[in-house]
Amino acid sequence: MKVSKQKVSAITNLEAPGLKYGISNPALIMHILRNSFYSDKIATPVKEILCNGRDAMREVKNETDKIQITLPTVDMPVLKIRDFGPGLSKKRIDEVFRFYGNTTKSNQDNQTGGFGLGAKSPFAYTDSFVVASYHNGIETHYISHLGNSEEGALEVSYEGITNKKNGVEVQIPVLSELDISRFWTAVYKAIAFWDDKEAPHVLNGKELPGSNFEVYQNAKSKCKIGLSKVLVSDLFSKTSPLGLLIDGLFYPLMDHEIFSDEVKKVQALSGFNSLKVTYILKFSNNEITISPNRESVTLSDLTIQSVKQRLSEAVN
């Protein structure tokens, strides 16, 4: 995802060079990112890791393999997400992966990520997780953990020769049996609207009571076409009457009042009970502004313009 940046020039009469801001307490920043940045400490990291896997597959144009998901169970309480992208070279680990804010995606239209935060998002849920990399015949397992300083650390636990396909597998331990169903729901909710060609393969996918398995697995097939460029679903009706589908990820538009006139026109022409459905507009990356934690849509000028235009196209 291309991250928009605004350059601002300041004119001063000082001859001395300016002083740069820095971070003197990385542990405090880690604490904020772990405990305050994400409101949903299961669903958002799950979505982030899944999207990272999809981005990795897109990077190498791998349209043959599927992301593989192993859901946590009582006997094996670990979520595993395995992609078949390029894997992690030593250079990428050293220069990109272990740093907050560093990313290879900031200028890519077909990449969901772009803030350099998602790979570290499991820290919001757990103190440690495993990242297994398969890169050009070398298999390397990293333990990502807080460390004694609580600044975060990445340590190699295994390295050897492999014949496995390139890619990365992230393993997130599930800390409570009560969280297992929440992880199942988070997975199916995240991938509910992905294109069929990119839809992951769930290796042990069977219904788990309380996981909303059927609801989200069938979300896409249950959508109807309301008007041109508008999907209609009863799955999210209690959340918001208007939702955005951005590169296959659903976001309820909570601040929808600004579009009330346009929505009323869509409701009047669609023929659906407006109290029981959500109208979903599809967008690609860079048409909408997403918050850095990827949990919500930001009502920027770009977002407002794009949504209004799409609603107008639907009724004209």
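**Entry 1: helix α8 and the sheet beneath.** I began with α8 in this predicted model, and I noted that α8 lies across β8, β9, β10 and β12, with a direction at about 110° to that of β12. I then looked up the sheet to which these strands belong, and found an open sheet of five strands, ordered β8-β9-β12-β10-β11, in which the pairing is mixed. At the edges I find β8 and β11 (249-252), and because each has a single partner strand, one side of each is left without a neighbour in the sheet. Direction ignored, neighbouring strands of this sheet are turned by 35° against each other on average.

**Entry 2: one pair of strands in that sheet.** I followed strand β9 (residues 230-233), which pairs with β12 in the antiparallel sense over four bridges. For a single position along this pair I looked up S233, and found that T278 in β12 stands opposite.

**Entry 3: helix α7.** Which residues of α7 are buried? In the stretch of residues 260-270 I listed E262, V263, V266 and S270. Looking down the axis of α7, I saw that these buried residues fall within an arc of 100°, so they line one face of the helix. The face turned away from the buried side carries D261, K264, K265 and A268, which are exposed. I also asked what covers the buried residues of α7, and the cover includes the strands β8 (224-227), β10 (242-246) and β12 (278-283), together with the helix α8 (301-315). Just after α7 I came to G271, whose phi is positive, near 85°.

**Entry 4: the sheet of seven strands.** I turned to another open sheet, where seven strands follow the order β5-β4-β3-β6-β2-β1-β7 and the pairing is mixed. Its edge strands are β5 (153-161) and β7 (201-202), each of which pairs on one side only. Helix α2 (residues 43-59) packs on this sheet, where I found it touching β1 (68-70), β2 (78-82) and β6, and its direction makes about 25° with that of β2. Within the sheet I traced strand β3 (residues 128-135) and strand β6 (residues 167-173), which run antiparallel and are joined by five bridges. For S133 I looked up the bridge partner in β6, and that partner is V168.

**Entry 5: helix α3.** In helix α3 (residues 90-97) I noted I93, V96 and F97 as the buried residues. They cover an arc of only 110° around the axis, which puts them on the same side of α3. What do the buried residues of α3 pack against? I found β3, β4 (138-145) and β5 as their partners.

**Entry 6: cysteines.** I searched the whole structure for disulfides and found zero. Two cysteines I checked for burial, with under 20% relative accessible area as the cut-off: C51 counts as buried because its relative accessibility is 3%, and C223, at 16%, counts as buried too.

**Entry 7: the chain as a whole.** I closed with the totals, beginning with eight helices and twelve strands in the protein chain. Of its 316 residues, 46% count as buried. Taking the contacts between residues at least 6 apart in sequence, I noted that 68% join residues at least 24 apart. The chain exposes about 17300 Å², of which carbon and sulfur atoms supply 51%.

Notes. Residues are numbered from 1 along each chain as its sequence is written. This is a predicted model: local features need pLDDT of at least 70, side-chain atom pairs count only at pLDDT 80 or more; totals for chains, interfaces and linings use all residues. Side-chain values use heavy atoms; hydrogens and water are left out. Buried means under 20% relative accessible area, exposed over 50%, partly exposed in between (1.4 Å probe, protein chains only). Helices (H or I, at least four residues) and strands (E, at least two) are DSSP runs, numbered from the N terminus. The arc is that of the directions from the helix axis to the C-beta atoms. Contact means heavy atoms within 4.5 Å. Two strands pair if DSSP finds at least two bridges between them. Axes are lines fitted to C-alpha atoms, for helices over the stretch in contact, and angles run from 0 to 180 degrees between N-to-C directions. A disulfide is a pair of cysteine sulfur atoms within 2.5 Å. Accessible areas come from the Shrake-Rupley method with a 1.4 Å probe; for residues, only the protein chains shown count as cover.
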